[in-house]
Structures are given as structure tokens and as C-alpha cells.
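Student: I have a structure open in front of me and I don't quite know how to read it. Could you walk me through a few features?

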Amino acid sequence: MKTSVNIKMEENVRDEARELLKKMGLDLTTAINMFLLTVIREQAIPFPITAQNYNFLKENFQKEMWKAIDKSEEDILNGKTKDINTAYQELKVKYGL
């Protein structure tokens with residue numbers, strides 16, 4: 001039985017991967033299934049995790065963190081947050097603390 005899985009990724013990553021995979025005669029779903037089947041068969045990630053990969057991941061993590069910080073600042077400016085004392089009092093009431 002087949003199932004669907006939703007994943008989040010940057011739009012440009014998806015588009016670049018689709019374009020490259022199309023040249024190989026593959027689609028994104030097939031490539032992801034190939035990856036996962038290899039992970040299961042090998043009981044490991046099928047490529048080395050190196051410092052170079054780490055730096056790439058670190059840079060992307062930092063970009064995502066700055067996006068989250070910017071969103072938080074936007075929420076604060078738009079009044080979508082509560083100060084810690086108010087939040088704490090609401091939790092005390094809600095959970096009878």
C-alpha cells in the first residue's frame with residue numbers, strides 16, 4: 001500500500017532537483033524513494049557526512065533561524081505576542097498552578 005508524505009524544502013531546491021532529475025529520466029518522488037530504499041538497505045545515509053556538508057547545513061540553518069527571528073519580530077510589532085508575566089499567569093490559571 002502506498003502512502004503520501006509531505007516534506008518542506010526551499011522552493012529553489014525543489015526546482016533545481018526536479019530539473020536535474022528530469023535530465024536523468026527521474027522524477028522527485030522516484031529519487032526520494034530510491035534514497036529511502038538505499039537508507040534501509042545500507043542502514044546508513046548513502047553519502048558521507050563531511051565538514052563541507054556540515055558547513056552547507058550550518059549556513060542554511062542560519063538562514064532559517066534569521067527568517068524565524070524576523071517573523072518573531074514581526075509578530076511582536078503586530079501585537080501577536082504576550083509578555084512573559086501575562087503568559088505565566090494564564091498558564092497558572094489554565095493548569096491550576
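We go through helices, burial, a pocket and some backbone angles, one at a time.

Tutor: A quick word on the source: this is a predicted model, where local features need pLDDT of at least 70, side-chain atom pairs count only at pLDDT 80 or more, and totals for chains, interfaces and linings use all residues. Residues are numbered from 1 along each chain as its sequence is written, and side-chain values use heavy atoms, with hydrogens and water left out.

Student: What span should the 15 residues of α2 have?

Tutor: Helices here are DSSP runs (H or I, at least four residues), numbered from the N terminus, and strands are E runs of at least two. The expected span of a helix is 1.5 Å times one less than its number of residues. For α2 that gives 21 Å, and its end C-alpha atoms are 21 Å apart, so the two agree. Try α1 as well: it has 13 residues and reaches 19 Å from its first C-alpha to its last, close to the expected 18 Å.

Student: Which residues of α2 are buried?

Tutor: Go by relative accessible area: buried means under 20%, exposed over 50%, and partly exposed in between (1.4 Å probe, protein chains only). In α2, the buried ones are L28, A31 and T38. They cover an arc of only 95° around the axis, which puts them on the same side of α2. That arc is taken from the directions from the helix axis to the C-beta atoms.

Student: And what do the buried residues of α2 pack against?

Tutor: They pack against α1. On the face turned away from the buried side, α2 carries the exposed residues T29, L37, I40 and R41. N33 is also in α2, and it counts as partly exposed because its relative accessibility is 39%.

Student: Is D75 buried or exposed?

Tutor: D75 is buried, because its relative accessible area is 16%. You'll find it in helix α3, residues 51–77. Contact means heavy atoms within 4.5 Å, and leaving aside neighbours within four places in sequence, D75 is in contact with K80 and T81. Compare I69, also in helix α3: its relative accessible area is 31%, so I69 is partly exposed.

Student: Which residues lie nearest the centre of the second largest pocket?

Tutor: First, the idea. On a 1 Å grid over the protein atoms alone, a pocket is an open set of points with protein on both sides within 12 Å along at least five of seven lines, while a cavity is a set where a 1.4 Å probe fits but cannot get out; lining residues have an atom within 4 Å of a point. Here 13 residues line the pocket, and T3, V5, T29, I32 and N33 lie nearest its centre. α2 gives the most to that lining, with five residues.

Student: Where is Q43, and what is special about its phi?

Tutor: Most residues other than glycine have a negative phi. Q43, in the loop between α2 and α3, has a phi near 55°, a positive value in a residue other than glycine. Q43 is exposed, with a relative accessible area of 67%. Just after α1, G25 takes a positive phi too, of about 80°.
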